[in-house]
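Trainee: I would like a close look at one part of this model. Please keep it brisk, then take me around the rest.

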Amino acid sequence: GKAAAAEKKKKKRKKRDPVMVSAKNLRDYVGKPLFTSDKLYDHTPVGVVMGLAFNQLGGATLYIEATVADALSSSEQGRAGLHTTGQLGDVMKESSQIAYTVAKRTLRAHDPSNEFFSASSLHMHVPEGATPKDGPSAGITMVTALLSLATHQQVRRDLAMTGEITLTGRVLPIGGVKEKTIAARREMAKVLIFPKGNEKDWEELPEQVRAGLAVHFVETYEEVYAIAFPEEAQADNKPEKPNNRVVDDQVEDNDAAQEKTARKSTAA
């Protein structure tokens, strides 16, 4: 009796449909997610760049948003400047002013005729305004957001960066490389920019943390610019195109001269 009942129960278990767990029904089995994504944009628009931050919970993304508050006439250009919001601490406020100076100098070097900064009153914001933020590591992200706005160019897709900037454009090391890398992976960033001084920290990370990421280690902001705006940088370095009309005319003249010489030779 007992053996037969056990066998019957075993057969009944075998006949049950398999349980299929997918992204759609995972919540039914394990409950709501403990952590939500920080990703605000699939592709950051003009004036917005994804930075990386380090906090008590580990790593997180830190978006820097820049926009034009007022377009100024020539008589109002004394009002040009940068206003910041987002509960920034003193160090981060200083970083924003340094970034503003570096961005103006970089734009002048790449496009001397662009008067965007002297003709605009700008507003820079770091979302999640209820959360206090401080530290110098958003420097290169701030510069890049301002230049994205000034040149009306989006940064490359899936890019995240971190690094302190100096007035001369040097990029200084930061902390929390592991935590920031994990945050970048979580938000599906594929291309990362770190200071050259953090290359050793990167090499010490486990392989599973580094896998699939393209990482650039930089010493100056010019290197950041070339990575963030690859098309813009290529245009700056592209040699002038030859005047094809002039070349074609020269070819036609040479052909005509050769034909004339041949006719004379034949007649002779």
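Trainee: Take Glu-187. What is its relative accessibility, and does Glu-187 count as buried or exposed?

Mentor: A caution before the numbers: this is a predicted model. Glu-187 has a relative accessibility of 1%. The cut-off for buried is under 20%, so Glu-187 counts as buried.

Now look at the partner. Glu-187 forms a salt bridge with Arg-186. The closest N and O atoms of this pair are 3.6 Å apart. Arg-186 has a relative accessible area of 40%. Partly exposed covers the range from 20% to 50%, so Arg-186 is partly exposed. The bridge therefore joins a buried acid to a partly exposed base. Why can such a pair form? Side chains of opposite charge can pair when their charged atoms come close.

Put that bridge in context. The structure holds four salt bridges. Another of them links Asp-70 and Arg-79 through their side chains, at 3.5 Å from N to O. Here, both partners are partly exposed: Asp-70 at 37% and Arg-79 at 46%.

One more bridge pairs Arg-210 with Glu-207. Their closest N and O atoms are 3.1 Å apart. Both residues lie in helix H7, which spans residues 207-210. They are three residues apart, about one turn of the helix. Arg-210 has 22% relative accessibility and counts as partly exposed.

Next, a buried residue of another kind. Phe-229 has a relative accessible area of 3% and is buried. Phe-229 sits in the loop between helix H8 (221-228) and helix H9 (230-237). Check what lies across from it in the fold. Gln-154 is 75 residues away from Phe-229 in sequence. In space, their C-alpha atoms are 7.6 Å apart.

Arg-105 gives a second contact across the sequence to check. Arg-105 belongs to helix H3, residues 90-110. At 32% relative accessibility, Arg-105 is partly exposed. Its C-alpha atom is 9.5 Å from that of Thr-168, and the two residues are 63 residues apart along the chain.

Stay with that stretch of sequence and turn to a pocket. The second largest pocket holds about 150 Å³ of space. Its lining includes Lys-104, Leu-107 and Arg-108. Pro-112, Asn-114, Glu-115, Phe-116, Phe-117 and Ser-118 line the pocket too. By class, the lining residues are four nonpolar, two polar and three charged.

Then the enclosed space. There is one cavity of 30 Å³ or more. The largest cavity has a volume of about 90 Å³. Of its 14 lining residues, the closest to the centre are Thr-44, Met-50, Arg-157, Asp-158 and Leu-159. The whole lining of this cavity has six nonpolar, two polar and six charged residues.

Finish on the surface. Val-19, Val-21, Leu-26, Tyr-29 and Val-30 make a nonpolar patch of about 510 Å². Tyr-29, one of these residues, is found in helix H2, residues 26-30.

Back to your request. Glu-187 is buried at 1%, and its salt bridge partner is Arg-186.

Note on methods: Residues numbered from 1 in each chain as written. Predicted model: local features only at pLDDT ≥ 70, side-chain atom pairs only at ≥ 80, totals over all residues. Heavy atoms only, no water. 1 Å grid on protein atoms, 1.4 Å probe; cavity = no way out; pocket = protein on both sides within 12 Å on 5 of 7 lines; lining within 4 Å. Points joined across faces, edges and corners; volume = space filled by probe spheres on them. Nonpolar A, V, L, I, M, F, W, Y, C, P; charged D, E, K, R; others polar. Patch = residues over 30% accessible without salt bridge, like charges linked within 9 Å, V, L, I, M, F, W, Y side chains within 5 Å. Areas by Shrake-Rupley, 256 points an atom, 1.4 Å probe, with all protein chains shown as cover. Helix = DSSP H or I, 4+ residues; strand = E, 2+ residues; numbered from the N terminus. Buried < 20%, exposed > 50% of the residue type's maximum accessible area, 1.4 Å probe, protein only.
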